[in-house]
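Here is a short report on a predicted model. It takes up one buried position, then the core, then a pocket.

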Amino acid sequence: MTKNKDLNENKVCTENEDCPVTNAMDVIGGKWKVIILYHLRDNTLRFGELRKRIPKITQKMLTQQLRELESNHLVERKIYAEVPPRVEYTSTYIAEELRPIMDMLCDWSKKHEEQLHSDV
């Protein structure tokens, strides 16, 4: 058997099935989630720090994406009892398991940078 055959057991994902790729994309899909997780690698950041690192994201979208990541246990939010309140975000061990995938995405992007940014 091939490696792919072992992993997928010849199973074809359809909309009606429980598909691992669909499940993963439901959790990390979209324009911003992987970018947020990338910035939280090895970092604990406040909301404003994330906004500075991701200048194109709106405050509303960052809030929404952080809430979704938190509800899926990829981001942990810690609130400090201070005035004004201080909130910090950290990636969880589940998110850290995505590190090799994010590294591969970075390598792929660097390798194909010229083709990806050319006007064809």
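## Gln65

Gln65 sits in helix H5. Its relative accessibility is 6%, so Gln65 counts as buried; the cut-off for that label is under 20%.

Which residues does Gln65 touch, not counting those up to four places away in sequence? They are Trp32, Lys33 and Ile36.

## The largest nonpolar core

In soluble globular proteins, nonpolar side chains tend to be buried together. In this model, the largest nonpolar core has 19 residues. Ile36, Leu37, Leu50 and Leu66 touch the most other members. Three helices each supply at least two residues of this core: H3, H4 (47-53) and H5 (59-71).

Take Leu66, one of those four residues. Its neighbours within four places in sequence are left aside here. Leu66 is then in contact with Ile36, Phe47, Leu50, Val75 and Tyr89. Ile36 thus appears twice: Leu66 contacts Ile36, and Gln65 touches Ile36.

## The largest pocket

Rolling a probe the size of a water molecule over the atoms shows where empty space is left. The largest pocket has a volume of about 250 Å³. Helix H3 (33-40) and helix H7 (99-111) are the elements that give two or more residues to its lining.

The lining consists of Val34, Ile35, Tyr38, His39, Arg53, Met102, Leu105, Cys106 and Ser109. By class, six of the lining residues are nonpolar, two are polar and one is charged. Helix H3 therefore has two roles, as it supplies residues to the largest nonpolar core and to the lining of the largest pocket.

Notes
Residues are numbered from 1 along each chain as its sequence is written. This is a predicted model: local features need pLDDT of at least 70, side-chain atom pairs count only at pLDDT 80 or more; totals for chains, interfaces and linings use all residues. Side-chain values use heavy atoms; hydrogens and water are left out. On a 1 Å grid over the protein atoms alone, a cavity is a set of points where a 1.4 Å probe fits but cannot get out, and a pocket is an open set with protein on both sides within 12 Å along at least five of seven lines; lining residues have an atom within 4 Å of a point. Grid points are joined across faces, edges and corners, and a volume is the space filled by probe spheres set on the points. Helices (H or I, at least four residues) and strands (E, at least two) are DSSP runs, numbered from the N terminus. Ala, Val, Leu, Ile, Met, Phe, Trp, Tyr, Cys and Pro count as nonpolar, Asp, Glu, Lys and Arg as charged, and the others, Gly among them, as polar. A nonpolar core is a set of buried Ala, Val, Leu, Ile, Met, Phe, Trp, Tyr and Cys residues joined through side-chain atoms within 4.5 Å. Buried means under 20% relative accessible area, exposed over 50%, partly exposed in between (1.4 Å probe, protein chains only). Contact means heavy atoms within 4.5 Å.
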